[in-house]
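Me: I am new to this structure and would like a close look at one part of it, the strands and what lies around them. Please take me through it in one connected answer.

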Amino acid sequence: LAERLPHSVFLGGSSWSYPGWAGHVWAKPYAEARLARKGLAAYGKHPLLRAVGIDRTHYRSLASHEFAQFATQVPEPFRFVVKAHEDLTLWRFPDRERYGARRGQGNPRFLDPELAFETVVGPARSGLGDKLGAILFEFAPQELGRPREFARDLDAFLAALPTDVTYAIELRNRELLTADYSAVLASRDVCHVFNVHPRMPDLPSQRRVVAPGPRTIVRWLVARGMTYEETGTRFAPFDRFHREDANERSRIAELLTEAVTAGREGIATINNNAEGCAPLSIAALATSLVAAQ
């Protein structure tokens, strides 16, 4: 199946440290801590797993040598989707205990290009090299002002970043998905992340508003009509399908097929919370892609 996939398509999980993948990726259910440290090399040997998300960088910055260690554990070709630190994408820090003295306060470094370069762009570019698929800026659900003002601020931010890196923007506020937003991404050659999330329109609706960008990037995050908390409780330990969604899978396959036809790379990462077990979702998506050729 992997041999029949287009070489420009990269499929993978949102992360790799799940004991429940025993029998699908691992020989046995290793401890999560061990998989976090050593599982990537085994993950990279799976013929269908040619991409992965690095989400830990949303909360803790990594040095270039740490990214380089990831890169050495996987073969060529491979793509990492690296999430930028949340300090860049929160206009105001949520009123939660983990933010300490900053909780509920405005964020002075929101969309700060200098911080972006220091915390993620420079280290990821240096450490991952050609295996860097994209740096992803995820804007959690929040009050971000008028859509036109958000697009203007985003444009100024992107204009100040190095141009030799692929950037991707993931929205969680559907009202920000506008023609202004689409125009900014097109002018800066930046990707929109087509994401399956309850707060966002469906994938065809997103595609009607915005073009993919230099790469087609898709993230299937959670089952439609359910929350992360619900799926996390019901789907754990993520060892089997719990809620198959052939319709959503078909929509993702259409976006990736469009990318192949246009000569773009297509990168899709799938969360366990989508159908219950990311490796099984990836295999089913690969089957759909091959059938569509």
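Reply: Gly13 has Val52 in strand 2 as its bridge partner. The model in which this pairing appears is a predicted one. Strand 1 covers residues 9–13 and strand 2 covers residues 51–54; the two run parallel and are joined by two bridges.

This pair belongs to a closed barrel of eight strands, in the order 1-2-3-4-5-6-7-8, with parallel pairing. On average, neighbouring strands of this sheet are turned by 25° against each other, direction ignored.

Helix 1, residues 32–45, lies across strand 1, strand 2 and strand 3 (79–83). Its direction is at about 155° to that of strand 2.

At strand 8 (265–270), the loop that leads to helix 9 (272–275) holds Asn271. Asn271 has a relative accessible area of 10%, and because buried means under 20%, this residue counts as buried. Beyond its neighbours within four places in sequence, Asn271 is in contact with Ser14, Trp220, Leu221, Tyr228 and Ala278.

Ser187 offers a second residue to look at, this one in helix 5 (residues 179–188). Its relative accessible area is 54%, so Ser187 is exposed, the cut-off being over 50%. The side chain of Ser187 reaches the backbone oxygen of Val184 at 2.9 Å. From Ser187 to Ala259 the separation is 72 residues in sequence and, C-alpha to C-alpha, 19 Å in space.

Conventions. Residues numbered from 1 in each chain as written. Predicted model: local features only at pLDDT ≥ 70, side-chain atom pairs only at ≥ 80, totals over all residues. Heavy atoms only, no water. Helix = DSSP H or I, 4+ residues; strand = E, 2+ residues; numbered from the N terminus. Buried < 20%, exposed > 50% of the residue type's maximum accessible area, 1.4 Å probe, protein only. Contact = heavy atoms within 4.5 Å. Polar contact = N/O pair within 3.5 Å; in protein donor to acceptor, adjacent residues only side chain to side chain. Pairing = 2+ DSSP bridges. Axes fitted to C-alpha atoms, helices over the stretch in contact; angles between N-to-C directions.
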